[in-house]
Amino acid sequence: MSELKNIESQLTHQKELMENVLETVPVRIFWKDLQGQYLGANRLFLADAQLQDPQQLIGKTDYDLPWRDTKADFYFQTDMAIILSGQSTLTQQETYVDDDGTEKTWLVSRMPLKNAHQEIVGMLGTYEDITERRNLEIQLKHQTETLKHQAHHDGLTQLPNRTLFNNRLQYAIEKAKRAQTAFAVLFIDLDQFKKINDSLGHDIGDQVLKTIANRIRQTIRAEDTLARLGGDEFTILQESLKTSQDAITLAQKILDATHEPIQVAEHTFLLSNSIGISLYPKDAETPEDLLKFADAAMYRAKDEGRNNFQFYTEKLSNKAFEHMAMQNSLRQALHQQEFLVYYQPQYHAITEKLIGMEALVRWQHPTKGLLPPIAFIPIAEESNLIVELDRQVMRIALHQFKHWMDMGLNPGRLSLNLSVKHLQQDDFIDTIESLLQHAHCKPEWIEFEVTETNLMENLERMSCKLQQLKKLGIHIAIDDFGTGYSSLAYLKRLPVTKLKIDKSFILDLPQDEEDAVITKTIIAMADSLGLTVIAEGVETLEQKSFLINYQCNQHQGYYYSRPISSHDMTEILSTLNE
C-alpha cells in the first residue's frame with residue numbers, strides 16, 4: 001500500500017512539474033484531438049484566447065475563439081493537415097497583422113500527438129512571438145549590408161571605391177586569362193577641378209563630381225565597372241575588349257559627355273578631363289601595374305594639353321620612374337641642404353641705382369650639377385615639398401640679406417617668391433614671424449611675390465593672409481602679371497603694392513604690337529591704382545627705352561645682370577657702396 005502511495009506521489013509531483021513547465025516557458029502551447037477540438041493549453045495561449053480557466057477551452061474549436069472571423073479557417077485547416085499527414089512542421093515563421101495594424105512575426109511548430117502505441121490521437125502546437133528578435137535581425141542585416149556597401153563604395157557618388165575596383169580588376173584578370181581575352185583600364189582625371197573647390201567650396205565641387213559621375217556612368221555598359229578612387233579621379237574597367245578601338249570609342253564618349261556645360265546653382269562650368277588607358281595583357285598582367293600605367297598615360301594626356309586620351313607606352317613608365325627618382329632626390333636634397341640662393345638685381349632704369357633683388361633658388365645636384373628652378377620646382381609643388389623648399393630658401397636669403405645690412409651695404413629690398421601652398425599653411429604667419437626674428441630682419445625690407453594665377457584659386461582666403469603680411473610691414477607684389485585674370489576688381493581687394501609684368505610680354509618689345517599694347521595697359525592700370533610696376537626679362541636697350549618711355553622705370557633682367565651668387569652680389573654691392 002505504501003508503495004502505491006509512493007508511486008501516486010511521484011506521479012502527482014511529475015504532473016505538477018509538467019504543469020509548472022507549461023506555465024513558465026515563454027511559448028504558447030496547445031493541443032487538439034482528432035476533430036480539431038482543443039484538449040488543453042498553457043496560460044499564455046489562454047490569454048490570447050481571452051479565457052481564464054483551461055476548462056473553458058476544452059471542446060472548443062478555432063471557430064469558437066476570438067479569431068473566428070479572421071484566422072480560424074487557416075488555423076483549423078493547418079492543424080488538421082498535421083493530423084491527417086502525420087508530418088511535423090517545425091520552427092516556421094508566420095507573419096500576421098494584429099487588429100491594431102501591428103505586424104507580428106511568430107515562430108510556429110506543429111506536430112502529431114501520439115499515444116503509447118504510436119497512434120495519432122491529435123496534434124500539439126507551439127508558437128512564440130519573435131517580432132522584436134526578428135526586427136533586430138532585420139536591423140542587424142541592414143546595418144551589415146550598409147557597412148559592407150560603405151566599405152566598397154564611395155560615399156558621395158555611390159560608385160565602387162578603390163577596394164572594390166581592385167577586387168573586380170583581379171577577377172577580370174583571372175577571367176580574361178582563362179578565356180584568352182583582353183580588357184582596358186581607363187584612368188580619368190578632371191582638368192583643373194581643384195580651382196572649383198578652392199574658389200567656390202566643396203559643396204559646389206561635390207555637386208559637380210556627382211554630375212560628372214552620372215554622365216560617365218551613362219557611357220559604359222552594364223558589365224563594365226566605373227569607380228571613384230578619390231578626389232576628381234575615376235577609373236573604368238572595360239571588359240571583353242575586341243580591339244583597342246573599343247577603348248578609343250569609350251574614351252571619346254567620356255570626353256564628349258563631360259564637356260557639356262554643368263549647371264550648379266547660379267554657376268555654369270565647362271570642364272574637360274584627361275584619360276590614360278592601359279591594356280591587358282598587352283601592357284601589364286597585375287592590377288597594380290595596370291592602374292599605375294593608366295595613371296602614367298593620364299599624366300601624358302595632361303602634358304599634351306588636357307582634354308584628350310593617351311595609351312600607355314613603355315616610354316611613359318621610364319618617365320614616371322625618373323619623376324619618382326627626382327622626388328626622392330628632392331627630399332634628400334632638402335635634408336642635406338643642397339639648395340643655393342642666387343640673386344638677380346633690380347634697378348631704377350633712369351638713375352641706374354640698385355633698388356633691390358629677387359632671391360632665386362638653384363639646386364647643386366651631386367651628379368647633375370647646378371639645376372635651374374624649372375628642373376625641380378614643378379615636382380616640388382606636385383609633391384608638397386614646395387613648402388619646406390620655400391622656407392629653406394627664405395631662411396638662407398634672410399640671413400644673407402641681414403649680413404649685407406650689417407656690412408653697411410645697401411641691398412635695397414629683398415623679393416622672395418611665395419608659393420600659394422606655403423601661403424595656405426595654418427602656421428604660415430607664425431613661420432614668417434619666426435624667420436624674420438631669427439634672421440633679425442625688419443619686415444619692411446621684404447617683399448613677397450605671389451603668382452597671379454595661383455592667387456586666384458582661393459581669393460578670399462589668400463586676401464586674408466596677405467592682409468596679415470601687410471600688417472607686419474611686408475610688401476606684396478603680383479608676379480607674372482598679365483598671364484592670368486589681370487582684373488582691376490580683384491586688385492582692389494588685395495593689399496598689393498607692386499605689379500610685375502611677365503617677361504613673356506617684354507621679350508618681343510618693341511616690335512610686337514600686341515605685347516606693346518598689353519604692357520602699356522598694365523602700366524596704366526598700375527598707375528590708376530597707385531601701384532609700383534616693375535618689368536622682368538629686360539634684355540635689350542630697345543626694351544629698356546620702350547619701358548622708360550611709358551613710365552615703367554623699375555627693371556630686372558639680363559640687360560642688367562643674370563642671377564648671381566651671394567659672393568658676386570657682395571662684390572656688386574661693395575662696388576656701388578664706394
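In the predicted model, the contact between helices α6 and α10 is formed by Phe165, Asn166, Leu169, Gln170 and Ile173 on the α6 side and by Pro287, Leu290 and Leu291 on the α10 side. By class, the residues of this contact comprise six nonpolar, two polar and no charged. Helix α6 spans residues 162–179 and helix α10 residues 287–303; their axes come within 9 Å and cross at roughly 110 degrees. Angles of 65 to 115 degrees count as roughly perpendicular, and α6 and α10 are therefore roughly perpendicular to each other. The crossing of α6 past α10 is right-handed.

A second helix pair consists of α8 (residues 202–217) and α9 (residues 244–259), whose axes come within 9 Å and cross at roughly 145 degrees. Here too the handedness was determined: α8 passes α9 in a right-handed crossing. Helix α8 contributes Ile212, Arg215 and Ile216 to the contact, where they meet Ile254, Ala257 and Thr258 of α9. Four nonpolar residues, one polar residue and one charged residue make up the contact of α8 with α9.

The strands β1 to β5 were examined next. They form an open sheet of five strands in the order β2-β1-β5-β4-β3, and the pairing is antiparallel. Strands β2 (38–41) and β3 (89–97) lie at the edges with a single partner strand each, so one side of each has no neighbour in the sheet. From one strand to the next, the twist averages 25 degrees. Within the sheet, β1 (residues 28–33) and β5 (residues 120–129) pair in the antiparallel sense over six bridges. In this pairing, Ile29 stands opposite Thr126 of β5.

Two helices pack on this sheet. Helix α4 (residues 72–85) touches β1, β3, β4 (103–114) and β5, and its direction makes about 35 degrees with that of β4. Helix α5 (residues 131–152) touches β3, β4 and β5, and the angle between its direction and that of β4 is about 120 degrees. Strands β3, β4 and β5 are thus touched by α4 and also by α5.

Regarding confidence, the protein averages a pLDDT of 88, and 92% of the residues score at least 70. Among the elements of the protein, the lowest mean pLDDT, 62, belongs to helix α1 (residues 2–24), while the highest, 97, belongs to strand β13 (residues 339–348).

Technical notes. Residues are numbered from 1 along each chain as its sequence is written. This is a predicted model: local features need pLDDT of at least 70, side-chain atom pairs count only at pLDDT 80 or more; totals for chains, interfaces and linings use all residues. Side-chain values use heavy atoms; hydrogens and water are left out. Axes are lines fitted to C-alpha atoms, for helices over the stretch in contact, and angles run from 0 to 180 degrees between N-to-C directions. Helices (H or I, at least four residues) and strands (E, at least two) are DSSP runs, numbered from the N terminus. Angles under 35 degrees count as roughly parallel, over 145 as roughly antiparallel, 65 to 115 as roughly perpendicular and the rest as oblique. A crossing is left-handed if the near helix is turned anticlockwise from the far one by less than a right angle, and right-handed if clockwise. Contact means heavy atoms within 4.5 Å. Ala, Val, Leu, Ile, Met, Phe, Trp, Tyr, Cys and Pro count as nonpolar, Asp, Glu, Lys and Arg as charged, and the others, Gly among them, as polar. pLDDT is the predictor's confidence in each residue, from 0 to 100. Two strands pair if DSSP finds at least two bridges between them.
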